[in-house]
Amino acid sequence: MKADKRQNKPGKIFVICGPSGSGKTTLLTSLIQDKKIGKLLAKSRSLTTRPKRSGEKQGRDYFFVTAPEFRRLLKAKKILEWTRYLGYYYGTPREPLESQIKGGRNLGLCLDLKGARILKKIYPKNTVTVFVLPPSLNVLKARIENRCSKTNKKEVARRIRLARRELLAASGFDYCILNQNLQIALKELKDIFLQEIGA
Ligand code: 5GP
């Protein structure tokens, strides 16, 4: 009996990057909520040591862990790639990603620049990197201020400084999307995804 080639085809990794407030998480979440795409793409859930924001849920948005637990998992090689972002650890759990990709499942991840570079290096053939650009720095600033607690001015300033630096990296990505209008940006992301998986 001939082997079904489709069964052996590894899944693709869609890494969505962009500065804090660019709308990358909303875009990826909305993409997966699309009926057609939802059957073809799953979201990888990261570990983080940063505190939960209001509205975030354990296991849905992140696996929120303590710093000692994160370091234990890192030492045990259970984290595929990780970063320290504004003082907190973030990392991709190794086993779920490896097994899903091997099993032909496409995965979407929102990562920082370091994470995007590492995944592209580990999986050069099946990693697709997408950079989400905000319409302007002023819009970005307003979005970051709106998200961070009003009292946390220091974090707002740090995220804005980092965002300026991150914007300079956009040209190294496979695709760039301007997120001025969410529906238009979502349509672009959907087209990229369908084209890349050959649907
Ligand atoms: P936030 O605190 O806004 O949720 O995330 C901060 C930054 O960390 C964002 O750029 C986000 O995409 C990135 N990030 C989230 N999870 C991971 C991860 O597992 N690995 C890496 N490298 N970056 C991550």
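Biologist: What makes strand β7 (residues 106-110) mostly covered?

Modeller: This is a predicted model, and everything here is computed from it. To be called buried, a residue needs under 20% relative accessible area. In β7, four of its five residues are buried, hence the label "mostly covered".

Biologist: Which strands pair with β7, and how do you know that they do?

Modeller: Pairing takes at least two bridges between two strands. β1 has four bridges to β7, and strand β2 (residues 41-43) has three, so both pass the cut-off. In each case the two strands run parallel.

Biologist: Which residues in β7 are the bridge partners of V15, A42 and K43?

Modeller: V15 has L109 as its bridge partner. A42 is matched with L107, and K43 with G108.

Biologist: Where does that put β7 in the sheet, and what is the strand order?

Modeller: The order is β2-β7-β1-β8-β9, an open sheet of five strands with parallel pairing. That places β7 between β2 and β1. From one strand to the next, the twist averages 25°.

Biologist: Why are β2 and β9 (175-178) said to stand at the edges?

Modeller: Each of them has a single partner strand, so one side of β2 and one side of β9 are left without a neighbour in the sheet.

Biologist: What about the other sheet: what is its order, and how is it paired?

Modeller: That one is also open, with four strands ordered β4-β3-β6-β5 and mixed pairing. β4 (63-64) and β5 (79-85) are its edge strands, because each has a single partner strand.

Biologist: How do you know that strand β3 (residues 47-48) really counts as paired with β4?

Modeller: The two share two bridges, in the parallel sense. The requirement is at least two, so the pair qualifies. One of the links is T48 with its bridge partner F64 in β4.

Biologist: Which helices lie across strands, and at what angles?

Modeller: α2 lies across β1, β2, β7 and β8, at about 135° to β2. Helix α5 (residues 94-102) lies across β5 and β6 (88-93), running at about 30° to β6.

Biologist: How do α2 (residues 24-33) and α9 (residues 182-197) cross, and which residues meet there?

Modeller: Their axes come within 10 Å and cross at roughly 65°, in a right-handed way. From α2, T26, L27, S30 and L31 meet L182, A185, L186, L189 and K190 of α9. By class, that contact has six nonpolar, two polar and one charged residues.

Biologist: What sets the contact of helix α7 (residues 137-147) with helix α8 (residues 153-167) apart by class?

Modeller: The contact there has seven nonpolar, no polar and five charged residues. Among the residues that meet are K141, E145 and R147 in α7 and R159 and R164 in α8. Lys, Glu and Arg all count as charged, so those five fill that class. The crossing is right-handed, with axes within 10 Å at roughly 145°.

Biologist: Back to L189: what makes this residue stand out in the largest nonpolar core?

Modeller: That core has 18 residues, and L189 is listed with L41, V130 and F193 as having the most contacts inside it. β1 (13-17), α2, β8 (127-133) and α9 each supply at least two core residues, and α9 gives the most, with seven. Leaving out residues up to four places away in sequence, L189 touches I16, L27, L31, V130 and I177. Apart from this core lies another, of 17 residues, V15, L109, A116 and L119 among them.

Biologist: Last one: is K125 buried or exposed, and why?

Modeller: Exposed is the word for anything over 50% relative accessible area. K125 comes in at 79%, so K125 counts as exposed. The residue is found in the loop between α6 (113-122) and β8.

Biologist: How far apart are the C-alpha atoms of K125 and I13?

Modeller: 9.5 Å, although the two are 112 residues apart along the chain.

Technical notes. Residues are numbered from 1 along each chain as its sequence is written. This is a predicted model: local features need pLDDT of at least 70, side-chain atom pairs count only at pLDDT 80 or more; totals for chains, interfaces and linings use all residues. Side-chain values use heavy atoms; hydrogens and water are left out. Axes are lines fitted to C-alpha atoms, for helices over the stretch in contact, and angles run from 0 to 180 degrees between N-to-C directions. A crossing is left-handed if the near helix is turned anticlockwise from the far one by less than a right angle, and right-handed if clockwise. Contact means heavy atoms within 4.5 Å. A nonpolar core is a set of buried Ala, Val, Leu, Ile, Met, Phe, Trp, Tyr and Cys residues joined through side-chain atoms within 4.5 Å. Buried means under 20% relative accessible area, exposed over 50%, partly exposed in between (1.4 Å probe, protein chains only).
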